[in-house]
Amino acid sequence: MKLSAILLGLALVFTTSGAASYEKVVKMRGLKAELISQKPLTTGKNTIKLRLYKSSKPLENAKVALKIFMPAMPGMPYMESKVKAVPLGNGTYEATFNAAMGGTWQAHIFITTEEGKKYRLKTSFNL
Ligand SMILES: [Cu+2]
């Protein structure tokens with residue numbers, strides 16, 4: 001009885017630690033990006049993994065950048081932050097960005113493939 005409760009507890013711990021807190025899929029023109037963050041996105045520093053696929057195959061050797069921006073609002077100027085994503089291999093890239101404040105941020109993922117083809121995927125997130 002006690003042992004099974006402990007085992008169940010362990011199983012739950014493993015399940016939660018394996019799940020990402022933030023996941024989103026963005027698709028456009030045969031390109032797919034899976035956005036994954038182990039921690040919930042928050043104001044301040046965030047690290048996000050971008051798994052890229054082209055025609056369902058991992059997109060390797062691409063140049064990837066992430067821009068987040070918030071339009072000007074009454075009493076608040078336009079805000080923007082653009083960072084390069086680092087390749088981790090197998091079509092996965094990692095970007096660390098700073099979100100200066102809470103609210104709705106627009107996000108553009110700029111992708112240039114090895115062949116020089118350019119893509120821009122658009123999404124948004126709320127903090
Ligand atoms: Cu704002």
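Before the pairs of strands come up, let me fix the term: two strands pair if DSSP finds at least two bridges between them. The strands themselves (E, at least two residues), like the helices (H or I, at least four residues), are DSSP runs, numbered from the N terminus. With that in place, Glu23 stands opposite Ile36 in E2, and this is one position in the antiparallel pairing of strand E1, residues 22-28, with E2, which is held by seven bridges.

Two remarks on what we are looking at. This is a predicted model, in which local features need pLDDT of at least 70 and side-chain atom pairs count only at pLDDT 80 or more, while totals for chains, interfaces and linings use all residues. Residues are numbered from 1 along each chain as its sequence is written.

Now the overall layout. The chain has one helix and 10 strands, and reading from the N terminus the helix comes before the strands, in the order α-β-β-β-β-β-β-β-β-β-β. Of its 127 residues, 17% count as buried, where buried stands for 20 or more other C-beta atoms within 10 Å of the residue's own, exposed for 12 or fewer, and partly exposed for what lies in between, with C-beta atoms placed from the backbone. As for contacts, meaning two residues whose C-beta atoms, placed from the backbone, lie within 7 Å, residues 24 or more positions apart account for 48% of those with a separation of 6 or more.

Let me follow the strands from E1 onwards. E1 and E2 make a hairpin with two residues between the strands, and in it Arg29 takes a positive phi near 45 degrees. E2 then goes on to E3 through another hairpin, this one with six residues between the strands, and the two run antiparallel, joined by six bridges; within that pairing, Leu35 stands opposite Leu50 in E3. E3 also pairs with E8, in the antiparallel sense and over eight bridges, and there Lys45 stands opposite Asn98. Finally, E3 is joined to E4 by two bridges, again antiparallel, with Lys57 in E4 as the bridge partner of Lys54; this hairpin has two residues between its strands, and Ser55 in the turn has a positive phi of about 50 degrees.

Some further phi values deserve a pause. Most residues other than glycine have a negative phi. Ser56, however, has a positive phi near 70 degrees; its place is in the loop between E3 and strand E4, residues 57-58, and Ser56 is exposed, with 7 other C-beta atoms within 10 Å. Asn61, which is not a glycine either, has a positive phi of about 55 degrees, lies in the loop between E4 and E5, and is exposed, with 10 other C-beta atoms within 10 Å.

Next, the open sheet. In which order do its four strands stand? The order is E6-E5-E9-E10, with antiparallel pairing. Strand E6 (79-84) and strand E10 (118-126) stand at the edges with a single partner strand each, so one side of each is left without a neighbour in the sheet. Neighbouring strands here are turned by 20 degrees against each other on average, direction ignored, with the axes being lines fitted to C-alpha atoms and angles running from 0 to 180 degrees between N-to-C directions. Inside the sheet, seven bridges join E5, residues 63-70, to E9, residues 104-112, and Val64 has Ile111 in E9 as its bridge partner.

On the edge strand E6 we find Ser81, which is partly exposed, with 14 other C-beta atoms within 10 Å. Its C-alpha atom is separated by 8.2 Å from that of Leu66, 15 residues apart along the chain, and, leaving aside neighbours within four places in sequence, Ser81 is in contact with Ile68, Phe97 and Asn98.

I will end with the core, by which I mean a set of buried Ala, Val, Leu, Ile, Met, Phe, Trp, Tyr and Cys residues joined through C-beta atoms within 7 Å. The largest nonpolar core has 21 residues, of which Ala33, Leu50, Leu52, Val64 and Ile109 touch the most other members. Two or more residues are given to this core by each of strand E2 (31-37), strand E3 (44-54), E5, strand E8 (92-99) and E9. Which residues does Ala33 contact, leaving aside its neighbours within four places in sequence? They are Val26, Leu50, Arg51, Leu52, Ile109 and Leu121.
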